[in-house]
Amino acid sequence: MLLSQNALAIRPLNLYPVVYISLLFGILHAVSVSPDESCISFNLTLRNFRLILSWELKNRSIVPTHYALSYTIMSRPAGEMIVEDCINITRSFCDLTDEWDSMTETYVTTVVGIRGNTTLVSCWDRVFPALDTSLEPPEFEIVGFTNHINVIVEFPPVIPKMLVMKNLQTQLSLIIEEKSGSIVKLHRPKIDGNTTGNFTYVIDKLIPNTEYCVSVYLEPKEAEKIRRSPLKCTLLQPGQESAAVFTSTIITLRRIGYICLRNNYPKVLNFRNQSAWVFPELPPLEAVALVEIIHINRKKKVWDYTYDDESDSDNEAVPRASAGGYTMHGLTGLCPASTSSASSEDCFDPDPEEPSLPQPGAESEPLMAPGPGPWQSECTDGAYERTRNLLQDPFPEEDSCSTEGTEDRIIFNVDLNSVCVSTLDDDDPEVPPVLSCIPEETVDLEDAEEMETSLLVAGGEGMQLPFPSPPVECLWPEDAPSEKSDTAESDVDIGDGYIMR
Amino acid sequence: MTYRWILPMALLLCVSTTALSVNYDLLRSQLRSSNSACQKLLRQLNGAPQRCPEDTMNFQVPEEIEQAQQFQKEDAALVIYEMLQHTLRIFRRNFASTGWNETIVENLLVKVHLQMDRLETNLEEIMEEESSTWGNTTILRLKKYYGRIVQYLKAKKYSHCAWTVVQAEMLRSLAFLNGLIDYLQN
């Protein structure tokens with residue numbers, strides 16, 4: 001301005017020497033400029049509330065192996081400050097969170113590039129954080145409920161001193177952006193120097209069944225560039241809140257032990273300490289037929305080796321011949337087509353049993369109460385117990401196959417593969433074979449004198465427990481012909497009188 | 001019957017009072033935007049890339065300005081106006097040695113002037129509403145503060161290095177001004 005004002009007073013003839021001298025002076029001045037010219041570009045970033053200064057030499061042909069960082073504050077004549085954590089470093093960035101304490105100061109920052117013992121370059125530039133800082137958005141999460149969203153923003157344990165003024169006001173503002181369709185709302189929760197850890201802000205009065213997207217960013221007072229976080233969206237659903245509350249309540253109760261969801265499994269089912277799980281082969285599915293056991297008390301007849309026709313009776317069952325001198329017990333199968341999966345071939349002729357009972361005179365002695373009989377000595381010790389277990393009915397409801405129980409009659413479902421039975425029709429190949437012994441695990445039976453039905457459940461609920469290998473022949477003692485019989489069919493001689501599996 | 005007009009009149013008075021009173025929210029928004037632009041313009045004044053060996057100076061900004069203590073909005077408006085006025089005066093001085101782009105400087109001066117105009121229309125009403133005793137002390141300290149800056153320039157003969165120091169201090173001053181603008185709320 002001074003030159004322009006004085007220019008009019010200078011005569012044109014004297015102008016040329018003045019211009020020549022000025023140009024000469026300018027060139028000389030340019031030659032004598034300081035060699036420490038700005039040869040570096042700085043990039044200041046606030047990332048996760050950490051102030052990171054990175055740099056890049058403008059002359060990329062210069063590649064130092066190490067760097068050293070120092071700075072001076074223009075309003076504080078305290079001399080040059082050396083950053084101890086950034087001396088002789090190989091990286092080209094430095095964390096200055098704990099070093100710089102004001103955003104409104106101008107920092108004259110110097111970086112020295114070194115290779116070995118040689119200083120390759122010394123570059124500087126002025127950094128004004130209030131305008132030069134790039135604010136990366138903080139980490140946050142959203143939790144959607146029925147009509148509100150919780151926005152959880154992660155703050156550091158301690159906010160950097162640069163961001164907090166002495167009155168605890170922050171140099172930054174937290175902005176939460178709420179988007180729904182084309183509608184955008186800004187929320188400005190108040191933060192200060194005491195805002196640390198997980199900061200939760202509730203966006204309420206929202207519409208259920210609506211998708212909302214949330215973005216979070218930091219806004220400096222000198223807003224230059226705003227870097228928004230990626231959007232996080234949630235669909236508000238009805239019942240979300242109650243479900244969330246319910247779920248959290250259940251989890252809490254379980255953790256404190258109020259809800260102890262434990263199953264007292266039998267020890268035999270505890271496989272934890274086993275190094276290997278044993279999966280025995282499951283037996284093939286076995287047909288189950290309903291049978292009715294007609295219990296008839298009879299006098300034990302001893303054959304006197306006479307062939308008296310008077311002793312014959314249509315109602316008397318022909319004693320079955322057996323090699324071992326035992327009486328077979330026949331069972332009558334009740335096979336309603338609607339309930340039993342067994343075919344009609346699974347029906348058996350009932351054959352009363354007499355001496356198998358410990359109290360032969362009892363009329364209503366259930367099969368569960370037999371004492372050890374002669375035939376049982378042929379079985380394993382467990383067979384007797386298993387027999388007892390058989391006769392207890394864990395299912396008190398009536399079985400559709402039999403609805404009546406008399407004093408002399410016990411009706412229960414029998415797995416024909418687990419008992420020794422005699423078949424009426426030997427030739428029928430579909431008659432399933434029977435087990436000689438009743439498995440121990442089948443059922444936990446009650447004392448059921450008045451029980452109508454007993455179910456032989458192989459593990460219950462359709463599950464098949466491993467059956468022991470058919471080891472023993474349970475020999476049913478022979479019995480005298482019964483006085484009662486559900487059917488008029490004669491007994492079938494099956495040879496030695498036993499069917500075993 | 002005769003009192004029917006009282007309610008409408010009362011409502012009219014309330015509305016007019018609200019309309020004619022200072023809209024601090026609007027003023028805050030305008031000043032914040034202008035001040036941010038001023039800072040960016042000032043930041044662009046790099047000039048010759050010359051590093052001055054003694055480019056540090058503490059001009060002792062008033063503590064209540066630097067610490068951003070609690071202000072009444074009327075007091076904040078007065079302080080802001082005073083600071084803008086001094087900024088205008090400083091950048092009208094001789095900066096020829098800096099090599100700064102004059103267009104940028106002119107734009108800076110225009111924006112500062114615009115902020116002052118916005119404040120002037122509200123300051124008359126502010127001065128009528130109440131008289132502030134606090135503002136006088138702070139304004140006096142501000143005058144001394146900016147006086148030290150001018151004295152520094154004069155002592156350094158408006159050299160490039162002196163202007164570099166003053167440029168940094170003015171950036172700092174405008175940053176403090178941003179904090180004061182936040183107090184302009186309804």
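This tour moves through a predicted model of a complex, from the overall view to the interface, a helix, the core and the disulfides.

**Whole complex**

Begin with both chains displayed and coloured by confidence. The predictor assigns the complex an ipTM of 0.86 and a pTM of 0.55. Select chain B: its average pLDDT is 84, and 84% of its residues score at least 70.

**The interface between chains A and B**

Next, display the residues where the two chains meet. On the chain B side 25 residues are in contact with 28 residues of chain A. The two chains bury about 2,500 Å² between them, and carbon and sulfur atoms account for 51% of that area. Within chain B, select R43(B), R51(B) and Q67(B), which lose the most area to chain A and together make up 26% of what that side buries.

**Helix α2 of chain B**

Now select residues 24-43 of chain B, which form helix α2. Its 20 residues should span 28 Å at 1.5 Å a residue, and the distance between its end C-alpha atoms, 28 Å, agrees with this. Show the side chains along the helix: the buried ones include Y24(B), L27(B), L31(B), L41(B) and L42(B). R28(B), S34(B), N35(B), S36(B) and Q39(B) are also among the buried residues of α2(B). Pause at C38(B), which has a relative accessible area of 0% and is buried.

**The largest nonpolar core**

Hide the helix and turn to the interior. The largest nonpolar core comprises 112 residues, and the residues with the most contacts inside it are W100(A), V151(A) and I90(B). Helix α7 of chain B, residues 160-181, gives the most to this core, contributing 12 residues.

Centre the view on W100(A). Which residues does W100(A) touch, leaving aside those up to four places away in sequence? They are L44(A), L51(A), L53(A), Y71(A), Y107(A), T109(A), V127(A), P129(A), K161(A) and M162(A).

**The disulfides**

Finally, select the cysteines. Over all chains, the whole structure contains 4 disulfides; three stops follow.

- **C86(A) and C94(A).** The sulfur atoms of this disulfide are 1.6 Å apart. The link is right-handed, with 85° about the S-S bond. C86(A) is buried at a relative accessible area of 1%, and C94(A) is buried at 0%.

- **C213(A) and C233(A).** Here the sulfur atoms of the disulfide lie 1.9 Å apart. The torsion about the S-S bond is about 105°, so this disulfide is right-handed. Because C213(A) sits in strand β14 (residues 211-220) and C233(A) in strand β15 (residues 232-235) of chain A, the pair ties together parts that are 20 residues apart in sequence. Are these two cysteines buried or partly exposed? C213(A) is buried, with a relative accessible area of 14%, under the 20% limit for that class. C233(A), at 39% relative accessibility, counts as partly exposed.

- **C52(B) and C161(B).** This disulfide has its sulfur atoms 1.8 Å apart. Its torsion about the S-S bond is about -95°, so the disulfide is left-handed. The pair links distant parts of chain B, 109 residues apart: C52(B) is in the loop between α2 and α3, and C161(B) is in helix α7. C52(B) counts as buried, at 1% relative accessibility.

To close, keep C161(B) selected and display helix α7 of chain B around it; this is the helix that gives the most residues to the largest nonpolar core.

Technical notes: Residues are numbered from 1 along each chain as its sequence is written. Chains are lettered from A and ligands numbered from 1 in the order in which they are written. This is a predicted model: local features need pLDDT of at least 70, side-chain atom pairs count only at pLDDT 80 or more; totals for chains, interfaces and linings use all residues. Side-chain values use heavy atoms; hydrogens and water are left out. A nonpolar core is a set of buried Ala, Val, Leu, Ile, Met, Phe, Trp, Tyr and Cys residues joined through side-chain atoms within 4.5 Å. Buried means under 20% relative accessible area, exposed over 50%, partly exposed in between (1.4 Å probe, protein chains only). Helices (H or I, at least four residues) and strands (E, at least two) are DSSP runs, numbered from the N terminus. Contact means heavy atoms within 4.5 Å. pLDDT is the predictor's confidence in each residue, from 0 to 100. The expected span of a helix is 1.5 Å times one less than its number of residues. A disulfide is a pair of cysteine sulfur atoms within 2.5 Å. Buried area is the accessible area (1.4 Å probe) that two parts lose on being put together, summed over both.
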